[in-house]
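Biologist: I should like to take a close look at a single part of this protein and then see what surrounds it. Please guide me through it step by step.

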Amino acid sequence: MDRQAQIDLLKRLLDYVDTKTTALAEAPWRNHVSVYTDPEHAERERQVLFRRYPLLMGFASQWRAPGAFRTDDYAGVPILVMRGEDGKLRAFLNVCRHRGAKVAPADGGMARVFVCPYHAWTYDLSGQVIGIPDEGCFPGVRSERTSLTRLPLCEKHGLVWVIPTPAGEDATEFDIDSWLGGLAPELASYRFGSWAFYDRRIVPESMNWKILVDTFHEGYHIGFLHRDSLTEVLHGNVADFEAFCLNHRLVMPRKKLERLKSEPEEKWDLMWNTTIIYALFPNTLLIVQGDHVELTRIFPSEGRVDRAIMDLALYVPKAPSTDEERTHWDRNMQLVLDVVTGEDFPAGRTIQIGLTSGAQTHLVYGRNEPGMIHYHQSMRAVLGHPEAHAASEAAE
Ligand code: FES
Ligand SMILES: [Fe+2]
């Protein structure tokens, strides 16, 4: 965001706080309960959102050197992302070309080659098959399966995205900018390429994955659900909202924003006075929290409509070198866990029970929840309306 846009945004936030208002959608919007409860709809989400859309895998600094690799099954297929000897980052299905075992171990690390644990077929850092034990028993096989199956990958703005469906050898790259709907220059301005990974937590949950996502789409609940944890830091029910195609950005003012009134504009700092939430369709929240970033990736899990998993990672501008710095970042990680897993998710579990109860056919998002409305209208634009429940639509 350029300097003038930052100042304008901070002025809008000061005005919202002074006049006790917020960015508003044109009208409330009613969403059908079945988008959170219908197993067929959930299957469609898995096939469309988690196969055809770019999913943010992490900051590029997680793969700093040749040989660095990470694996990840959350999208529903096993994904391996690794940096080759040539410095190029590539994504593959983590599936042996012999009989399908995983060739790279869980999570990640550094490797020189990958040896499949089953029969020791061996792959180099560009995914090529470089060894087949007793190859004489496989006449003609190597030429038809020369490498792991590539997935389209984009490394840009210090971030890495993968589309989890093979698209052929001539479609192993794509440009994320066309998916970002105008957010690219803003993301580039943070220079995430030099940031460091600090810590990660994997949190399984018993609710629809979108209830976890929804947690980050509005500040309406801050003054109530988080009255003991966040109200000293953040204003509740105040946010600036802007849509970027299927994505959006919410900016929430911190309480210290008021101080800007007595400071010259040239000293105003957007990051220090706000929480900036980039909602990257369909499942990622990139949250700029003053001095660090929380990257939250949320997935459906176990093939169920009411199971989800959150991959929460903390990234910092520079790797810590002292205990004091580590303590600072540990405290930040604990704070987000206390708020999200200690307050948001317990409420979310009750929402799943409530939505499944048959109490109502629709839930409603208010004018003060434009992020919710935009996100769920985007989902509907991509997935359509859950057909199975169309007949009961007229009821409410
Ligand atoms: S399944 Fe990998 S070598 Fe056999
Ligand atoms: Fe919350």
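In which strand does V115 lie? Please begin there and then describe the open sheet, the helix that lies across some of its strands, and the loop residue E302.

Modeller: The model shown is a predicted one. V115 belongs to strand β7, which covers residues 114-115. Its relative accessibility is 44%, and V115 therefore counts as partly exposed, a class that runs between the limits of 20% and 50%. Together with V113 and I130, V115 makes a nonpolar surface patch of about 220 Å².

Let us turn to the open sheet. It has seven strands, placed in the order β13-β19-β18-β17-β16-β15-β14, and their pairing is antiparallel. At the edges are β13 (196-205) and β14 (240-244), each of which pairs on one side only. On average, and with direction ignored, neighbouring strands of this sheet are turned by 15 degrees against each other. As a general point, the strands of a sheet pair through backbone hydrogen bonds, and the pairing may be either parallel or antiparallel.

The edge strand β13 offers a detailed example of such pairing. Nine bridges join β13 to strand β19, residues 308-316, and the two run antiparallel. One residue to locate here is E205, whose bridge partner in β19 is A308.

Strand β19 also leads us to the loop residue. E302 is found in the loop between β18 (292-300) and β19. E302 counts as exposed because its relative accessibility is 61%, and the exposed class begins over 50%. The C-alpha atom of E302 is separated by 27 Å from that of R90, and these two residues are 212 residues apart along the chain.

The helix comes last. Helix α1, made of residues 3-19, lies across three strands of the sheet, namely β14, β15 (247-253) and β16 (274-280). Relative to β15, helix α1 runs at about 60 degrees. R3 is part of this helix, and R3 is partly exposed because its relative accessible area is 38%, between the limits of 20% and 50%. Beyond its neighbours within four places in sequence, R3 is in contact with E265, E266, K267 and W268. R3 and D269 are 266 residues apart along the chain, yet their C-alpha atoms are separated by 9.3 Å.

Terms used: Residues numbered from 1 in each chain as written. Chains lettered and ligands numbered in written order. Predicted model: local features only at pLDDT ≥ 70, side-chain atom pairs only at ≥ 80, totals over all residues. Heavy atoms only, no water. Patch = residues over 30% accessible without salt bridge, like charges linked within 9 Å, V, L, I, M, F, W, Y side chains within 5 Å. Areas by Shrake-Rupley, 256 points an atom, 1.4 Å probe, with all protein chains shown as cover. Salt bridge = Lys/Arg side-chain N within 4 Å of Asp/Glu carboxyl O. Helix = DSSP H or I, 4+ residues; strand = E, 2+ residues; numbered from the N terminus. Buried < 20%, exposed > 50% of the residue type's maximum accessible area, 1.4 Å probe, protein only. Pairing = 2+ DSSP bridges. Axes fitted to C-alpha atoms, helices over the stretch in contact; angles between N-to-C directions. Contact = heavy atoms within 4.5 Å.
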